[in-house]
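Here is a short note for a colleague who has not met this structure before. Please keep the sequence and the 3D view open while reading.

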Amino acid sequence: MALDLSMPILIVDDYNTMVRIIRNLLKQLGFENVDDASDGSTALTKLRAKRYGLVISDWNMEPMTGFELLREVRADPALGKTPFIIVTAESKTENVIAAKKAGVDNYIVKPFSAQTLRHKIAAVFPDKMPAS
């Protein structure tokens, strides 16, 4: 069974350039149904209004960080199973451990390529994405 390339994906980042980069990388991978939010609070509102197949969120944002968004999503019974990838410029071990404990599905350190994004998504959906 192949990964549904039409599944809605939510990119959460307060930096418009990064949103554009991730959107373009997803498009290269065949994903077309991509929304975005500029912070965790806006993302939470969108997540409660529409079912997303994947969230790709930056860690460092104001007023609600990607880590706080992850914790809110995991605490919400309606959203708790939503696949979630955190993107960050920080590769601190304690951040990775904290994100894993909070229930993140995967973690990407900036900068990254379409191939890296593909591998991280494939790891979240191991039975769905064909090998490259």
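The points below go from the sheet to its helices and then to single residues.

1. **The model.** This is a predicted model. Please read each point below with that in mind.

2. **The sheet.** Start with the strands. There are 5 of them, and they form an open sheet. The order is S2-S1-S3-S4-S5, and the pairing is parallel. Strand S2 (34-37) and strand S5 (106-109) are the edge strands. Each of these pairs on one side only. From one strand to the next, the twist averages 20°.

3. **Helix H2 on the sheet.** Helix H2 covers residues 40-49 and packs on the sheet. It touches strand S1 (9-12), S2 and S3. The direction of H2 makes about 165° with that of S1.

4. **Helix H3 on the sheet.** Helix H3 spans residues 66-75. It lies across S1, S3 and S4. Relative to S4, helix H3 runs at about 170°.

5. **The S3-S4 pair.** Look next at strand S3 (residues 54-58) and strand S4 (residues 84-88). They run parallel and are joined by 4 bridges. Take Asp 58 as an example: its bridge partner in S4 is Val 87.

6. **Ser 57.** Strand S3 also holds Ser 57. Is this residue buried or exposed? Ser 57 has a relative accessible area of 1%, so it counts as buried; the cut-off for buried is under 20%. Which residues does Ser 57 contact, leaving aside its neighbours within four places in sequence? They are Val 12, Gly 66, Leu 69, Phe 84, Ile 85, Ile 86 and Val 87. Val 87 thus appears twice in this note: as a contact of Ser 57 and as the bridge partner of Asp 58.

7. **Helix H1, length.** Helix H1 (residues 16-28) has 13 residues. From its first C-alpha to its last it reaches 18 Å. That is close to the 18 Å expected at 1.5 Å a residue.

8. **Helix H1, two faces.** The buried residues of H1 are Met 18, Val 19, Ile 22, Leu 25 and Leu 26. Why do they line one face of the helix? Seen down the axis of H1, they fall within an arc of 130°, so they share one face. These buried residues pack against S1, S2, S3 and helix H5 (114-124). The face turned away from the buried side carries the exposed residues Asn 16 and Gln 28.

9. **After helix H1.** Check Gly 30, which follows H1. The phi of Gly 30 is positive, near 105°.

Methods
Residues are numbered from 1 along each chain as its sequence is written. This is a predicted model: local features need pLDDT of at least 70, side-chain atom pairs count only at pLDDT 80 or more; totals for chains, interfaces and linings use all residues. Side-chain values use heavy atoms; hydrogens and water are left out. Two strands pair if DSSP finds at least two bridges between them. Helices (H or I, at least four residues) and strands (E, at least two) are DSSP runs, numbered from the N terminus. Axes are lines fitted to C-alpha atoms, for helices over the stretch in contact, and angles run from 0 to 180 degrees between N-to-C directions. Contact means heavy atoms within 4.5 Å. Buried means under 20% relative accessible area, exposed over 50%, partly exposed in between (1.4 Å probe, protein chains only). The expected span of a helix is 1.5 Å times one less than its number of residues. The arc is that of the directions from the helix axis to the C-beta atoms.
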